[in-house]
Number of protein chains: 2
Amino acid sequence: MSITLTQFQQLIRAIYGAKDQRRGLEGTFMWFMEEVGELAAALRNGSADERATEFADVLAWLVTLANGAGIDLEAAVHAKYGMGCPGCRQTPCTCNLAEKP
Amino acid sequence: MSITLTQFQQLIRAIYGAKDQRRGLEGTFMWFMEEVGELAAALRNGSADERATEFADVLAWLVTLANGAGIDLEAAVHAKYGMGCPGCRQTPCTCNLAEKP
């Protein structure tokens, strides 16, 4: 059941790629934000199952946005977090609490 | 350079787990939203590198939220999207455009 970021990005493209292209980036961003709102509600007041579903939806719409913007998420997170915290380059992060609480 | 969702969730926990526990879910949600705002700005008006960085940050904070909420993201997306579109169960999605444009 292991899935890489690239595989998930490909899966979402296979399911929704055609519709995503029609909708465009602005419309996709609004759907993404709707799901972010639902996640906030689930975090405040949802069951574990509801939270899991809303996390999956936010991630799917974030991946959809990345597909629309031509971004390879796996490469992006590797570049930013592959060497530990991008601020202090340590794992665990030793950045000042005022900067990165 | 392949990374699974579970590995990325573990990486973020290793870098930021201690700080995340101190900050709590509400504080983490505010950081997540700050990064969502930066992503919106990069999508409107950023370079490819800036967009990639902001996608990485939003994903990292989403994963941080999932860590705080005790959600296994890989299991969550598998449950929701592993069989294709959760609406029509097809790949590609054949849901009505009014429902899922």
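Start with the two chains in this predicted model: turn chain B by 180°, with 0.0 Å of shift along the axis, and chain B lands on chain A with an RMSD of 0.0 Å. The two copies are therefore related as by a two-fold rotation axis. As background, any two copies of a chain are related by a rotation about an axis and a shift along it.

Where does chain B come closest to that axis? Look for B:T4, whose C-alpha sits 1.8 Å from the rotation axis. Now check how the copies touch. Of the interface residues of chain B, 100% are also interface residues in chain A, so the copies meet through the same surface.

Next, zoom in on chain A by itself. You'll find three helices and zero strands, and from the N terminus on the order is simply α-α-α. How spread out is chain A? The radius of gyration is 16 Å, while the globule rule gives 13 Å for 101 residues, so chain A is more spread out than a compact globule. Its C-alpha trace spans about 45 × 35 × 30 Å along the principal axes.

Even so, there's plenty to see inside the chain. Buried residues account for 50% of the 101 residues in chain A. Take the contacts in chain A between residues at least 6 apart in sequence: 55% of them join residues at least 24 apart.

Finally, the outside. Chain A exposes about 4,900 Å², and carbon and sulfur atoms supply 53% of that area. As for charge, chain A carries 9 positive and 12 negative side chains, and the centres of these two sets are 5 Å apart.

Definitions and conventions:
Residues are numbered from 1 along each chain as its sequence is written. Chains are lettered from A and ligands numbered from 1 in the order in which they are written. This is a predicted model: local features need pLDDT of at least 70, side-chain atom pairs count only at pLDDT 80 or more; totals for chains, interfaces and linings use all residues. Side-chain values use heavy atoms; hydrogens and water are left out. Helices (H or I, at least four residues) and strands (E, at least two) are DSSP runs, numbered from the N terminus. The radius of gyration is taken over C-alpha atoms; the globule rule is 2.2 Å times the number of residues to the power 0.38. Buried means under 20% relative accessible area, exposed over 50%, partly exposed in between (1.4 Å probe, protein chains only). Contact means heavy atoms within 4.5 Å. Accessible areas come from the Shrake-Rupley method with a 1.4 Å probe; for residues, only the protein chains shown count as cover. Lys and Arg count as positive and Asp and Glu as negative; His and the chain ends are not counted. The place of a charge is taken as NZ of Lys, CZ of Arg, CG of Asp or CD of Glu. Copies are superposed by least squares on the C-alpha atoms of residues with pLDDT of at least 70 in both.
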